[in-house]
Amino acid sequence: QVQLVESGGGLVQAGGSLRLSCAASGSIFSSNTMAWYRQAPGKQRDLVATVTGSGTTNYEVSVKGRFTISRDNAKNTVYLQMNSLEPEDTAVYYCNKAFAPWPWGQGTQVTVSS
């Protein structure tokens, strides 16, 4: 059973930056397209960014140019560098496969103050 552990969240002012990390157990990590998702209070969980096993990335429109997803397959870890943060980015952030997700981790809270 793959386990996902997200970290790196916190409280920042608008315009600030954070780098999220997600460590995955198991050896099948590198063959999967990985993704970051976020869920704001009272809203559904939305896809933010994806990265394929070979490093091709894709982003939701509102974060394009501000967020960068990357991965280190040797470390079974995926990252999300978030710059120019806005209050609308406030949410719990989760990582998982882009398709047929594994059990969800606990997520990491990102709070952006105005």
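Which residues are linked in a network of salt bridges? In this predicted model, in which residues are numbered from 1 along each chain as its sequence is written, the network consists of R38, R66, E86 and D89. Local features were taken only where pLDDT is at least 70 and side-chain atom pairs only at pLDDT 80 or more, whereas totals for chains, interfaces and linings use all residues, and side-chain values rest on heavy atoms, with hydrogens and water left out.

The structure holds three salt bridges, a salt bridge being a side-chain nitrogen of Lys or Arg within 4 Å of a carboxyl oxygen of Asp or Glu. In general terms, side chains of opposite charge can pair when their charged atoms come close. R38 forms a salt bridge with D89, in which the closest N and O atoms are 2.9 Å apart. This pair links distant parts of the chain, with R38 in strand β4 and D89 in the loop between β8 (77–82) and β9, 51 residues apart; strands here are DSSP runs of E with at least two residues, and helices are runs of H or I with at least four, numbered from the N terminus. Both R38 and D89 are buried, where buried means under 20% relative accessible area, exposed means over 50%, and partly exposed lies in between (1.4 Å probe, protein chains only).

The side chains of D89 and R66 also meet in a salt bridge, at 2.8 Å from N to O. Here D89, in the loop between β8 and β9, is joined to R66, in the loop between β6 and β7, across 23 residues. D89 has a relative accessible area of 1% and is therefore buried, and R66, with 11%, is buried as well. A further salt bridge joins the side chains of R66 and E86, at 3.9 Å from N to O. Because R66 lies in the loop between β6 (57–59) and β7 (67–72) and E86 in the loop between β8 and β9, this pair ties together parts that are 20 residues apart in sequence. E86 has a relative accessibility of 33% and so counts as partly exposed.

Strand β9 (residues 91–97) is mostly covered, seven of its seven residues being buried. Strand β4 (residues 34–39) pairs with β9 in the antiparallel sense over six bridges, two strands being counted as paired if DSSP finds at least two bridges between them. Within β9, N96 stands opposite A35. Strands β9 and β10 also run antiparallel and are joined by three bridges, and V92 has Q109 of β10 as its bridge partner.

Strand β9 also carries one half of a disulfide, C95, whose partner C22 lies in strand β3 (residues 18–24), 73 residues apart. This is the one disulfide that the structure holds, with the term applied to a pair of cysteine sulfur atoms within 2.5 Å. The sulfur atoms of C22 and C95 are 1.6 Å apart, and both residues are buried.

In strand β10 (residues 108–113) lies V112, which counts as buried because its relative accessibility is 6%. Leaving aside residues up to four places away in sequence, V112 touches V12, Q13, A14, L85, E86, P87, D89 and T90, contact meaning heavy atoms within 4.5 Å. Two of the salt-bridge residues, E86 and D89, are thus among the residues that V112 touches. By comparison, V112 and S30 are 82 residues apart in sequence and 32 Å apart in space, C-alpha to C-alpha.

The largest pocket holds about 200 Å³ of space. Pockets were found on a 1 Å grid over the protein atoms alone, as open sets of points where a 1.4 Å probe fits, with protein on both sides within 12 Å along at least five of seven lines, and lining residues have an atom within 4 Å of a point. Of the 13 residues that line the largest pocket, the closest to its centre are R38, A40, K43, D46 and E88. Strands β4 and β5 (45–51) each supply at least two residues of this lining, and β5 gives the most, with three residues.

Two loop residues other than glycine have a positive phi. S84, with phi near 50°, is placed in the loop between β8 and β9 and is partly exposed, with a relative accessible area of 41%. A100, with phi near 45°, lies in the loop between β9 and β10 and is exposed, with a relative accessible area of 57%.

Technical notes
Points joined across faces, edges and corners; volume = space filled by probe spheres on them.
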